[in-house]
Amino acid sequence: KNQKLDLPWKIIFIDEDQLTNNVIPERLKHNCHPGWMTAPANVYIVAERVAYSCTDQKISPSDADKEMTQVLVHEMGHALEFNMLKNAARDPDARMRAEGFASWFEYYAADYSSLLSQKEIKEEFIKRAKFSMRSGNFAFAGSATDYARASMYFFSISDKRGTKGVMSVYREMQENDLRFFEAIEAALGWNKDRLESEVERFVRGQ
């Protein structure tokens, strides 16, 4: 049913000095987060943060187009996930799961974009995930390396079971009111240790 999803999309471009809007999560106002989504499908983009790619130097128009596309796809991934989990259980790992899914969705959707490269996106996430994995235990705090590390759950599932495997996990969460890691075990038979070993296998193979 997700292939026929019809959402009331609203894409709102705002300036850096407009970040007083109360729909914007406080934690995103004060760091270089270029976009975010509010339910059901409102996407906010801070144009300056895309144009400068979170640096003090403006990037080229072609690079800005790629950056903008990737940010939009990421936020669309959040809207898709929200639609799939409308009535699912409260999950202490919800933010980690959501950012992991949206990051993996960047890679998935790049196959349908002339501006994005699946190879480049995957290589960047793998590089960041390897850095995170060298640091030891994973505690999601919202950094770029955390996003990449969280996406490895989805990369490893889709690598072994395809996109249908990822969707089967979401079906378990929605239909049986399970949390993320519970749903992975129910759908795939992977407990947390097996999941982590699959992530390590996937990352080592890249």
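**Figure 1. The order of helices and strands along the chain.** Read from the start of the sequence, this predicted model follows the pattern β-α-β-β-α-α-α-α-α-α-α. In total, the protein has eight helices and three strands. Of its 206 residues, 44% are buried. Among contacts with a separation of 6 or more, 61% link residues 24 or more positions apart. The accessible surface is about 11400 Å², and carbon and sulfur atoms supply 48% of that area.

**Figure 2. A close look at the open sheet.** Here you can follow three strands in the order β1-β3-β2, with mixed pairing. The edges belong to β1 (10–14) and β2 (35–38); each has a single partner strand, so one side of each has no neighbour in the sheet. From one strand to the next, the twist averages 20 degrees. As a reminder, strands in a sheet pair through backbone hydrogen bonds, in either a parallel or an antiparallel way.

**Figure 3. The pairing of β1 with β3.** Strand β1 and strand β3 (residues 42–46) run parallel and are joined by five bridges. To find your way in this view, start at Phe 13, whose bridge partner in β3 is Ile 45.

**Figure 4. A helix across the sheet.** Helix α3 covers residues 61–84 and lies across β1, β2 and β3. With respect to β2, helix α3 runs at about 20 degrees.

**Figure 5. Ser 132 and its surroundings.** Look for Ser 132 in helix α5, which spans residues 118–134. Is this serine, Ser 132, buried or exposed? Its relative accessibility is 8%, so Ser 132 counts as buried, the cut-off being under 20%. Leaving aside residues up to four places away in sequence, Ser 132 touches Phe 138, Thr 145 and Arg 149.

**Figure 6. Where helices α6 and α8 cross.** The axes of α6 (residues 144–176) and α8 (residues 192–204) come within 9 Å and cross at roughly 85 degrees. The two helices, α6 and α8, are therefore roughly perpendicular to each other. On the α6 side, the contact is made by Met 152, Tyr 153, Phe 155, Ser 156, Asp 159 and Lys 160. Helix α8 contributes residues including Leu 195, Val 199, Phe 202 and Val 203, along with Lys 192, Arg 194, Glu 196, Glu 198 and Arg 201. What mix of residues makes up the contact of α6 with α8? The residues there divide into seven nonpolar, one polar and seven charged.

Conventions. Residues are numbered from 1 along each chain as its sequence is written. This is a predicted model: local features need pLDDT of at least 70, side-chain atom pairs count only at pLDDT 80 or more; totals for chains, interfaces and linings use all residues. Side-chain values use heavy atoms; hydrogens and water are left out. Helices (H or I, at least four residues) and strands (E, at least two) are DSSP runs, numbered from the N terminus. Buried means under 20% relative accessible area, exposed over 50%, partly exposed in between (1.4 Å probe, protein chains only). Contact means heavy atoms within 4.5 Å. Accessible areas come from the Shrake-Rupley method with a 1.4 Å probe; for residues, only the protein chains shown count as cover. Two strands pair if DSSP finds at least two bridges between them. Axes are lines fitted to C-alpha atoms, for helices over the stretch in contact, and angles run from 0 to 180 degrees between N-to-C directions. Angles under 35 degrees count as roughly parallel, over 145 as roughly antiparallel, 65 to 115 as roughly perpendicular and the rest as oblique. Ala, Val, Leu, Ile, Met, Phe, Trp, Tyr, Cys and Pro count as nonpolar, Asp, Glu, Lys and Arg as charged, and the others, Gly among them, as polar.
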